[in-house]
Amino acid sequence: MNIRKLILQGEGTTLDFKKTITNNEKIAKSLVAFANNKGGQLLIGVADDGSIKGVKSEDEERYMITKSAHQFCKPAIEPEFEEIYVDDKLVLVVKIAESDIKPHYALDENKKWWVYYRVNDKSILASKIIVDVIKKSSKANGQLITYTEQEKKLFEHLSLEGRITLKQFSKLTRSSYRQAQKILVSLILSGVIKPHTSDKEEFFTTV
C-alpha cells in the first residue's frame, strides 16, 4: 500500500484521518458510517491536513478501536489492522468492509443508538429515508418500478426545479410523509434519484 498516495487523495467517502483516538463514541460513528456505506479506511496517526504524525502507542489505539467496534457499534463490526511505517513513524490503517448486515448503529454520549453513513468526508446522522435505504439496499435485488401519477409529478418538478425535499414531495402529491418516503426510498434504491444531506436539510435530485 502506498500510504503517501492514499493521503494525497484526501479525506472522502472511503477515507478518514485521525491523529489519535480519544473517544469511543466518535470512532464508533466513523466505523458505522463506513460499514453502512461502501466500506473505508481510517488512517490513525495522520492529521486532518494529511501530515503524518505517527502513532504513539499502537496497542492502545488498537484496543480503543476494537472496543469501539465491539461495544459501541450494534451489530458489532470487525476491523482489520495494518501497520505501515513512513520515515520511522507508524501509521495504523484500520479497514472497515461494507457490511452485509446493515444498518449498524453507534452509541452516543447519551447512551442512544443512531445510524450514521458517509457523505463526502463526513459521518452524517442518517435520516429516516436513508435508514430505510440502508436497510433495503442489503436486501435489494433489482427492483421493477412502475411509475404512478405521484412519480410523474416528482419527475416534472425535478425537471423544472432540479431538486425536491420530502416535505415538498408530500405536499405536491397530497400524500402522507410515510407514503412519500416509501416512494423516495424505492427510487433511490433503483438508482433514479439520489439524496443530498447538509446540516440544514435533506433534498433529492435526479442521478
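## Two sheets, two pockets

In strand S8, Ser123 is the bridge partner of Arg118. That pairing is a handy place to begin a tour of this predicted model, since the same arginine will turn up again further on.

**The sheet around Arg118**

Strands S7 and S8 run antiparallel and are joined by 4 bridges. Together they form a hairpin with 2 residues between the strands, and in that turn Asn120 has a positive phi of about 50 degrees.

Step back a little, and the hairpin becomes part of an open sheet of 4 strands, with antiparallel pairing and the order S3-S6-S7-S8. Strand S3 (73–74) and S8 are its edge strands, each pairing on one side only. In general, the strands of a sheet pair through backbone hydrogen bonds, either parallel or antiparallel.

On its other side, S7 meets S6 (residues 105–107), and these two pair in the antiparallel sense over 3 bridges. Two of the matches are easy to look up: Tyr105 stands opposite Val115 in S7, and Leu107 stands opposite Trp113 in S7. S6 and S7 also form a hairpin, with 5 residues between them, and here the turn holds Lys111 with a positive phi of about 65 degrees.

**The mixed sheet and its helices**

Now for the other sheet described here. This one is open too, has 4 strands in the order S1-S2-S5-S4, and its pairing is mixed. Its edges are strand S1 (15–18) and strand S4 (80–86), each of which pairs on one side only. On average, neighbouring strands of this sheet are turned by 20 degrees against each other, direction ignored.

S1 and strand S2 (residues 40–44) run parallel and are joined by 4 bridges. To find this pairing in the structure, look for Leu15, whose bridge partner in S2 is Gln41.

Which strands does helix H2 (residues 24–36) lie across? H2 lies across S1, S2 and strand S5 (89–96), and runs at about 155 degrees to S2. Helix H3 (residues 58–71) lies across S2, S4 and S5, running at about 15 degrees to S5.

H2 has contacts with the antiparallel sheet as well: H2 packs on that sheet, touching S3, S6, S7 and S8, and its direction makes about 60 degrees with that of S7.

**A link between S1 and S7**

A search of the whole structure finds 10 salt bridges. In one of them, the side chains of Asp16 and Arg118 meet, at 3.7 Å from N to O. This pair links distant parts of the chain, with Asp16 in strand S1 and Arg118 in strand S7, 102 residues apart.

**Two pockets**

What volume does the largest pocket have, and which residues lie nearest its centre? About 590 Å³ of space lies in the largest pocket. Its lining has 21 residues, and Asn37, Lys38, Tyr117, Val133 and Pro195 lie nearest the centre. At least two lining residues come from each of strand S7 (113–119), helix H4 (128–137), helix H7 (177–189) and strand S9 (193–197). Sorted by class, the lining has 9 nonpolar, 7 polar and 5 charged residues.

The second largest pocket has a volume of about 330 Å³. It is lined by 18 residues, and the closest to its centre are Asp16, Phe17, Lys18, Lys26 and Ser30. S1, H2 and strand S8 (122–125) each supply at least two residues of this lining, and the largest share, 4 residues, comes from H2. By class, this lining divides into 3 nonpolar, 5 polar and 10 charged residues. Asp16, then, belongs both to the group closest to the centre of this pocket and to the salt bridge with Arg118.

**Backbone details in the loops**

A few loop residues deserve a look of their own. Two of them are prolines that follow cis peptide bonds, listed in this table.

| Peptide bond | Form | Omega |
|---|---|---|
| Lys74 to Pro75 | cis | near -10 degrees |
| Lys102 to Pro103 | cis | near 0 degrees |

Pro75 is found in the loop between S3 and S4, while Pro103 is found in the loop between S5 and S6. In the loop between S4 and S5 sits Asp88. Its phi is near 65 degrees, a positive value in a residue other than glycine.

Terms used
Residues are numbered from 1 along each chain as its sequence is written. This is a predicted model: local features need pLDDT of at least 70, side-chain atom pairs count only at pLDDT 80 or more; totals for chains, interfaces and linings use all residues. Side-chain values use heavy atoms; hydrogens and water are left out. Two strands pair if DSSP finds at least two bridges between them. Axes are lines fitted to C-alpha atoms, for helices over the stretch in contact, and angles run from 0 to 180 degrees between N-to-C directions. Contact means heavy atoms within 4.5 Å. On a 1 Å grid over the protein atoms alone, a cavity is a set of points where a 1.4 Å probe fits but cannot get out, and a pocket is an open set with protein on both sides within 12 Å along at least five of seven lines; lining residues have an atom within 4 Å of a point. Grid points are joined across faces, edges and corners, and a volume is the space filled by probe spheres set on the points. Ala, Val, Leu, Ile, Met, Phe, Trp, Tyr, Cys and Pro count as nonpolar, Asp, Glu, Lys and Arg as charged, and the others, Gly among them, as polar. A salt bridge is a side-chain nitrogen of Lys or Arg within 4 Å of a carboxyl oxygen of Asp or Glu.
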